[in-house]
Amino acid sequence: MTKIAVVSGKGGVGKSMLSSSLCLYLSENQEIVAVDGDVDASNLHLWLGLGESWDEEKEISIFEKPVFDLAKCTGCGKCAQICAFGALEMKKGKLNLNKFICGGCGACEEICPVGAIEMKPVKGAKIRIKKDAGGFPLVSAQLYPGQTGSGKVVDEILNRAEHFSYQTMVIDAPAGTGCPVIAVLKEVDFVILVTEPTPSGLADLKRVLEVVNHFDLPFGVVINKWDLNGVYADKVANFAGQKFLGKISYNQKIFSALANLEPIMTTDLPTKQEMKKIFLRLLGRLKQDH
């Protein structure tokens, strides 16, 4: 079994487009499972041509927050003093919690001398499963607004994906280098790095590559919208060297396809053929690495 993560240093570079297309391409010849690891802004189902209809939906608790018994509270303020997040404040002898910056560490519960504080689970996200997302299952999740712990949610959906039989798991990873990205990378065998031909695109590529190299993972680089800046596309390709998998040209019709829930691999756009060439090189790389 092989796990492939599609990663980018920033959002909006074509990561989900490539992930969805890879899922559909591989599913023609093997058993796969798709995972949308971008739990803060999941959209892989849209790129696969699916609406918001799910076969299974389940709320999960990945976080705890304090609940106060104000009848017991003496107003000593010790909990506010120890809160490392600044989420607790005493106002006119009354305790106030800013739930949006609470880290859920439980220090307030431990220090309260009268037992007026209890940590309780919070429903922070919803896991969603589509059993047939185009010939394969899709496991996704959505973190609720104002909630934290996206790395823990990614861990949970990866565990759920393991319940399905597969030869290849394709993970549409979150953008950036934070906890949810690390939660994905510690589980995978190969990484596809997607970037754009701009100075910031190359800088973000180098930044996320540091994390990939930390886990000593084999990788390949794809340049999206390469023709918007051919000179810088060459710089990115030269930087990637033998790790370069290919490039995708800019096409405004891609956005029309997305708006109509039409997967790129079902269109006649040149993008489809460009990605097929990339996937063939990817399969060649996977054979070499194994």
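**Exercise 1. Burial and overall build**

Task: Find what share of the 290 residues in the protein is buried, then describe the overall build.

Solution:
- Step 1. Buried residues make up 50% of the 290 residues. The model is a predicted one.
- Step 2. Assign the secondary structure. The protein has 10 helices and 11 strands.
- Step 3. Box the C-alpha atoms along the principal axes. They fill roughly 70 × 40 × 40 Å.

**Exercise 2. Two buried helix residues**

Task: Place His-45 in an element and decide whether His-45 is buried or exposed. Do the same for Ile-278, by element and by accessibility.

Solution:
- Step 1. His-45 sits in helix H2, residues 44-47.
- Step 2. The relative accessible area of His-45 is 2%. Buried means under 20%, so His-45 is buried.
- Step 3. Check a distance from His-45. Leu-158 is 113 residues away along the chain, and the two C-alpha atoms are separated by 16 Å.
- Step 4. Ile-278 belongs to helix H10. With 1% relative accessibility, Ile-278 counts as buried.
- Step 5. Ile-278 and Val-221 are 57 residues apart along the chain. Their C-alpha atoms are separated by 9.7 Å.

**Exercise 3. The largest pocket**

Task: Give the volume of the largest pocket. Then work out which residues are closest to its centre and what classes make up its lining.

Solution:
- Step 1. The volume of the largest pocket is about 330 Å³.
- Step 2. The lining holds 21 residues, and those closest to the pocket centre are Gly-12, Val-13, Gly-14, Lys-15 and Trp-47.
- Step 3. Look for elements that give two or more residues to the lining. These are helix H1 (15-26) and helix H9 (253-259).
- Step 4. Sort the lining by class. There are 8 nonpolar, 9 polar and 4 charged residues.

**Exercise 4. Cysteines without a bond**

Task: How many disulfides does a search of the whole structure find? Explain why Cys-73 and Cys-76 are not bonded.

Solution:
- Step 1. The search finds 0 disulfides.
- Step 2. Recall the chemistry. A disulfide is a covalent bond between the sulfur atoms of two cysteines. The cut-off is a sulfur pair within 2.5 Å.
- Step 3. Take Cys-73. The closest cysteine sulfur is in Cys-79, at 6.4 Å, which is too far for a bond.
- Step 4. Take Cys-76. Its closest cysteine sulfur is also in Cys-79, at 6.2 Å, again too far for a bond.
- Step 5. Add the accessibility. Cys-73 is partly exposed at 28%. Cys-76 is partly exposed at 37%.

**Exercise 5. Aromatic pairs**

Task: How many aromatic pairs does a search of the whole structure find? Classify each pair and describe its residues.

Solution:
- Step 1. The search finds 2 aromatic pairs.
- Step 2. In one of them, the ring centres of Tyr-25 and Phe-279 are 5.3 Å apart, with the planes at 45°. Planes under 30 degrees apart count as stacked and over 60 as edge-to-face, so this pair is tilted.
- Step 3. Locate the partners. Tyr-25 is in helix H1 and Phe-279 is in helix H10 (residues 270-289). The pair links distant parts of the chain, 254 residues apart.
- Step 4. Check burial. Tyr-25 is buried at 13%. Phe-279 is buried at 1%.
- Step 5. Now take Tyr-250 and Phe-255. Their ring centres are 6.2 Å apart and their planes are at 50°, so this pair is tilted.
- Step 6. Tyr-250 is partly exposed at 34%. Phe-255 is partly exposed at 42%.

**Exercise 6. Lysines over rings**

Task: Which ring does Lys-243 lie over, and which ring does the charged end of Lys-247 sit over?

Solution:
- Step 1. Lys-243 lies over the face of Phe-219, 5.1 Å from the ring centre.
- Step 2. The charged end of Lys-247 is over the ring of Trp-226, at 3.9 Å from the centre.

**Exercise 7. Positive phi outside glycine**

Task: What is the phi of Lys-225 and of Leu-261? Place both residues and compare their accessibility classes.

Solution:
- Step 1. Lys-225 has phi near 60°, a positive value, and is not a glycine.
- Step 2. Lys-225 lies in the loop between strand S10 (219-224) and helix H8 (230-240).
- Step 3. The relative accessible area of Lys-225 is 18%. The limit for buried is under 20%, so Lys-225 is buried.
- Step 4. Leu-261 is not a glycine either, and has a positive phi of about 55°.
- Step 5. Leu-261 falls in the loop between H9 and H10.
- Step 6. Leu-261 has 33% relative accessibility and counts as partly exposed, whereas Lys-225 is buried.

Note on methods. Residues numbered from 1 in each chain as written. Predicted model: local features only at pLDDT ≥ 70, side-chain atom pairs only at ≥ 80, totals over all residues. Heavy atoms only, no water. 1 Å grid on protein atoms, 1.4 Å probe; cavity = no way out; pocket = protein on both sides within 12 Å on 5 of 7 lines; lining within 4 Å. Points joined across faces, edges and corners; volume = space filled by probe spheres on them. Helix = DSSP H or I, 4+ residues; strand = E, 2+ residues; numbered from the N terminus. Nonpolar A, V, L, I, M, F, W, Y, C, P; charged D, E, K, R; others polar. Buried < 20%, exposed > 50% of the residue type's maximum accessible area, 1.4 Å probe, protein only. Phe/Tyr/Trp six-rings, centres within 6.5 Å; stacked < 30°, edge-to-face > 60°. Lys NZ or Arg CZ within 6 Å of the ring centre and 35° of its normal.
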